[in-house]
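The notes below are meant to be read with the structure open beside them. They begin with charged pairs and then turn to the backbone, the surface and the chain as a whole.

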Amino acid sequence: MIRHKAIPVISGLLILLVTTTACARTASHTKKQTTQQKVTKATKLSVTKRDVSNAKKLLLKTSKWRYNAKHQVYYQVGVRYGTKTTSKTYESMGIFIPAQYVTATKSGSKTYHLKVNSKRKVNGYSAKTAPIVMPINTPGYAAQAAPTGYDQSSAKYTKAGFIYVLAGCHGLNQTDKTNGSAPWGVTDLKAAVRTLRLNQSRLAGNTNRIFTFGHSGGGAQSSLMGTTGDSKQYLKYLRAIGAPLATTSGQATSDAIMGAMAWCPVTSLDTANEAYEWNMGQYATTGTRKSGTWTKALSNDLATRYAKYLNQLKLKNTDGTTLKLNNSGSGIYTSGTYAKYLKQEVQQSLNNFLKDTTFPYKATTMSGPSGAAKQSGSQKMPSGQKPSGKKPSGQSSTGKPASGSMGQQSSGKTYKTVQAYIKSLNKKQTWVHYNAKTNTATITSMAAFVKYCKTASKDVGAFDGLTRQQTENQLFATTGHTSNHFDHTIQQLLKQNGSRYAQASGSYRSSYLKAYTQDLKRRDNQGSTIQQRLNLYNPMYFLNSYYHGANTSKVAKYWRIRTGINQGDAALTVETNLKLALQQNAQVDSVDFATVWGQGHTEAERTGNHETNFIKWVNRKLQATAD
């Protein structure tokens, strides 16, 4: 049984948001077993004769490889990862292999038969040790088209000695009539990984060394690939597309990966609205957060619910301190160990910036749905190929950004000295203190940081819009309904506080509650509820004991997470909580995490190029393992 534990109501009663069966609801915590015990039980798969027969149909054709002479790469596109797939555009993959790893003989006028050659090496890797990297270019949970020929973006990775695999996957911008909603995107990627393992003997590269990487919605799906390995909850979706669940010898395949890279992952959608209002919305006073409006009241209620939820996660700092939020004299639950931790994280981000940057410094940061950030000075921001998806992660807010925000600082102004830059931050009020001797800063106010550097850019209902207008609403589409509500907490608050909201200013409608209630009852074509699908797109569901999915999957060993701290697309708590939960997970070896000052919703990096930094990180991780 899959259960999601609810955010408590303000009165203190614990109400479950949803269960996946019609049985009586319960708020009890699942008894926690050791990681290895529970993972072994959860991921054990009974292989059938049908699975073996299915696998035989997905064996790679070794004589269909083509060659790119410029980059010395053999490649094959149109590789199927399911026998029941329906989309030629999205449901296949391309595999790109450095020529040094194989011996080729002609099989046709432009095709080659390949045999793995384990003697030659590229940057220290051989055909048996080379990692496999998989890009997930799906910002806004967009579809990723499969390659139809040689992909130029693979060159940087094959030159590094990596095997590059671009797997198409379903998403929200696809033009065909196949399903682009959750959890089909991740299901496709899982099927691709299983197909690689099915064909291990026919391929160069080590299928135990698979790394995914992506930004925004792609970062979210990379995070999911890293946290949901071999989860049984995806099996019915994998079977629906004919994914290879077994090898031809009857051994179960696996979709678990070794490492995940995520830039600004827009994820944890079950509490994304609540986190947004607690972290940013409570400090906003314009647009749908104008004082006296019913949406401001809803914003405050969501912020309060988030604090109640956060406290049940029992996240811990590396020193063992349990992080929690306390009721406060000003603001909504803005004190406590978690609030202090988050402020220290912001302060560290600023100090990293001061360490990395040589003045004069020109602030020319921009933020876009596919990563359009550039910054001058000693820092060189991401300049690699941008993701191909066009959808942003959500609608823009009707409220105007606060004056003095970093958005205005990003107009190209040059700061000759660090003192001049700090002065600009303190233009409206003093909240940053600078120590010239140590070149470090101290932040005194999170409220000021949000007001001037991390302004809310979305209306209340930042991810689950009141009129289903947000991109994420489409992620939970069902037959006949192109978008659905998915936030059970908003539904509860509308039911509990509707009469109070109706008395406030603004256009409150009783139809909002009806719409949420109806949508949350809908099921997809596999019979899954909105809540079940929400769980399958929530990394925290598989990591934290608050959820019933904790420790029921294989979690990647290695993680690298980067976020632009100034982004208004998501709360800082999203990446922070993911980091903390990963650090507490026994299956995880390391979490390389950083917030990047002055950057928005982009492939944020403290220094250098995001692709180069990713490649260097993979190399470091593999040098540290004998696998």
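1. In this predicted model, Glu 605 and Arg 562 form a salt bridge, and the closest N and O atoms of the two are 4.0 Å apart. The pair links distant parts of the chain, since Glu 605 is in the loop between strand E17 (590-596) and helix H18 (610-623), whereas Arg 562 is in strand E16, and 43 residues separate them. Glu 605 has a relative accessibility of 1% and counts as buried, and Arg 562, with a relative accessible area of 8%, is buried as well.

2. A second charged pair is Asp 519 with Arg 522, a salt bridge whose closest N and O atoms are 2.3 Å apart. Both residues, Asp 519 and Arg 522, are buried. As general background, side chains of opposite charge can pair when their charged atoms come close.

3. Lys 554 and Asp 230 also deserve a look, as their side chains meet in a salt bridge with an N to O distance of 3.3 Å. Here too the pair links distant parts of the chain: Lys 554 is in the loop between helix H16 (530-536) and strand E16 (558-564), while Asp 230 is in the loop between H5 and helix H6 (235-240), and the two are 324 residues apart. How does the exposure of the lysine, Lys 554, count at 34% relative accessibility? Lys 554 counts as partly exposed, because 34% falls between the limits of 20% for buried and 50% for exposed. Asp 230, on the other hand, has a relative accessibility of 6% and counts as buried.

4. The pair just described belongs to a wider arrangement, for Lys 190, Arg 194, Asp 230, Asp 255 and Lys 554 are linked in a network of salt bridges. A search of the whole structure finds 18 salt bridges.

5. Two peptide bonds should be checked by anyone inspecting the backbone. One is the cis bond that joins Ala 182 and Pro 183, with omega about 5 degrees; Pro 183 lies in the loop between strand E9 (163-167) and helix H4 (184-198). Another cis peptide bond joins Phe 359 and Pro 360, again with omega about 5 degrees, and Pro 360 is placed in the loop between helix H9 (337-356) and strand E12 (361-362).

6. Where in the chain is Ser 216 found? Ser 216 is in the loop between strand E10 (210-215) and helix H5 (217-227), and its phi is near 60 degrees, a positive value in a residue other than glycine. With a relative accessibility of 1%, Ser 216 counts as buried. For context, most residues other than glycine have a negative phi, and most peptide bonds are trans.

7. Tyr 333 likewise is not a glycine and has a positive phi, of about 50 degrees. Its place is in the loop between helix H8 (294-313) and H9. Tyr 333 is buried, with a relative accessible area of 11%, a value that lies under the 20% limit.

8. Ser 92 is placed in the loop between strand E4 (73-79) and strand E5 (93-98), and at 7% relative accessibility this serine counts as buried. Which residues is Ser 92 in contact with, leaving aside its neighbours within four places in sequence? The contacts of Ser 92 are Gly 78, Val 79, Tyr 81, Ala 146, Leu 166, Ala 167 and Gly 168.

9. On the surface, a patch of positive charge gathers Arg 50, Lys 57, Lys 61, Lys 64, Arg 66, Arg 80, Lys 84 and Lys 110. One of these, Arg 66, is found in strand E3 (residues 66-68) and is partly exposed, with a relative accessible area of 37%.

10. Turning to the chain as a whole, the protein chain has 18 helices and 17 strands, and of its 627 residues 62% count as buried. Among contacts between residues at least 6 apart in sequence, 74% join residues at least 24 apart. The protein chain exposes about 24,100 Å², of which carbon and sulfur atoms supply 48%.

Conventions:
Residues are numbered from 1 along each chain as its sequence is written. This is a predicted model: local features need pLDDT of at least 70, side-chain atom pairs count only at pLDDT 80 or more; totals for chains, interfaces and linings use all residues. Side-chain values use heavy atoms; hydrogens and water are left out. Helices (H or I, at least four residues) and strands (E, at least two) are DSSP runs, numbered from the N terminus. Buried means under 20% relative accessible area, exposed over 50%, partly exposed in between (1.4 Å probe, protein chains only). Patches are made of residues with over 30% relative accessible area and no salt bridge: like charges are joined within 9 Å, nonpolar side chains (Val, Leu, Ile, Met, Phe, Trp, Tyr) within 5 Å. Accessible areas come from the Shrake-Rupley method with a 1.4 Å probe; for residues, only the protein chains shown count as cover. Lys and Arg count as positive and Asp and Glu as negative; His and the chain ends are not counted. The place of a charge is taken as NZ of Lys, CZ of Arg, CG of Asp or CD of Glu. Contact means heavy atoms within 4.5 Å.
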